[in-house]
Amino acid sequence: MTEQSVRWGVLATGGIAAAFTAALVDLPDAEVVAVASRTEASAKAFAERFGIERAYGDWSALAADEDIDVVYVATPHSAHRTAAGLCLEAGRNVLVEKAFTLNSREAAELVTLARDRGSFLMEAMWMYCNPLVRRLKALVDDGAIGEVRTVQADFGLAGPFPPSHRLRDPAQGGGALLDLGVYPVSFAHLLLGEPADVKASAVLSAEGADLQTAALFSWDSGALAALHCSIVGGTGTSASVTGALGRIDIPDGFFHPERFVLHRDGRDPEEFVLDPADGPRNTLRHEASEVMRALRAGETESPLVPLEGTLAVMRTLDAVRERIGVRYPQEG
């Protein structure tokens, strides 16, 4: 790593890997130097697409590449523990897509491994790095709406997805919860922390994946969160946080908002809009920039996406799965 650029390796070649690599290519202080896939053909095609110098047909070769400052792991969640573990064992810094792992046990293993190695590790929760989400969080923390009473959030895709699709395959961590529900759950955690109690209900597929899940969280403060995710219906992806003195509404795309509205008792509504200088609403560059900032500062985790927060989210996802009866084949 130099003052000028941070050298990235990309592990996996799917859609999210392509989106993140495209964001890196647009950053002047980032350089993608290698990519790995389970097959050399896939890695080479990805490398040619983005002008990447080295393409590996196995993950271990990428992990062993000492010319890489940080590896972005973009496999399905079922492989996050293995892929990120390989990289951490080899001394690499790692950014892992969400959901971080299949369960909290795997997450704790990765965190322990990173801390033992003194390596940087972060969940790729881009929502936490988004400038407007950070502004919303600051307003809530500053008491703009008073003590938080309720949080509502939803994320659903219309589908339909066939049983063979990754989103329906329990062996790949399929289902609405880990792919989509992680966003509403993480949004509630951002504002209120880990809930004291979790209730949930779901509709399951014949394969045992959750097609849609609804959850109700409660905190000792008296706050509640009502959350929903689905792979059988396209929702508005809206969110709202209500406090004793007002409310903040994100009308759509709450995990990468274009705007939100602050309603306070006795005042006109205030609209907060994404600064054009921050790029398009769907950019992943803020997440990448935070990783590079932390690496240059010698930090082993990001204050925006702290590891203890990631572990807490994984514990909550485990609790939801326990309530709805979803268990992955790898868990026995």
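Helix α4 meets helix α5 through H80, R81, A84, G85, L88 and E89, which touch E106, E109, L110, L113, A114 and R117 in α5; contact here means heavy atoms within 4.5 Å. Helices (H or I, at least four residues) and strands (E, at least two) are DSSP runs, numbered from the N terminus. By class, this contact has 5 nonpolar, 2 polar and 5 charged residues. Ala, Val, Leu, Ile, Met, Phe, Trp, Tyr, Cys and Pro count as nonpolar, Asp, Glu, Lys and Arg as charged, and the others, Gly among them, as polar.

Please keep in mind that this is a predicted model, in which local features need pLDDT of at least 70 and side-chain atom pairs count only at pLDDT 80 or more, while totals for chains, interfaces and linings use all residues. Residues are numbered from 1 along each chain as its sequence is written, and side-chain values use heavy atoms, with hydrogens and water left out.

How do the two helices run? The axes of α4 (residues 80–89) and α5 (residues 104–117) come within 10 Å and cross at roughly 5°. Axes are lines fitted to C-alpha atoms, for helices over the stretch in contact, and angles run from 0 to 180 degrees between N-to-C directions. That crossing makes α4 roughly parallel to α5, a label for angles under 35 degrees.

Now to the sheet. An open sheet of 8 strands follows the order β8-β9-β10-β7-β11-β12-β13-β14, with mixed pairing; two strands pair if DSSP finds at least two bridges between them. β8 (197–204) and β14 (270–273) are at the edges with a single partner strand each, so one side of each has no neighbour in the sheet. From one strand to the next, the twist averages 10°. At the β14 edge, β13 (residues 259–264) and β14 pair in the antiparallel sense over 4 bridges, and R259 stands opposite V273 in β14.

Two helices lie across strands of this kind:

| Helix | Strands it lies across | Angle |
|---|---|---|
| α8 (residues 176–192) | β7, β9, β10, β11 and β12 | about 160° to β7 |
| α10 (residues 307–324) | β8 and β9 | about 55° to β8 |

Finally, the cysteines. A search of the whole structure finds 0 disulfides, a disulfide being a pair of cysteine sulfur atoms within 2.5 Å. For C87, the nearest cysteine sulfur, that of C129, is 20 Å away. C87 is buried, with a relative accessible area of 0%, and C129 is buried at 4%. Buried means under 20% relative accessible area, exposed over 50%, partly exposed in between (1.4 Å probe, protein chains only).

Conventions
Angles under 35 degrees count as roughly parallel, over 145 as roughly antiparallel, 65 to 115 as roughly perpendicular and the rest as oblique.
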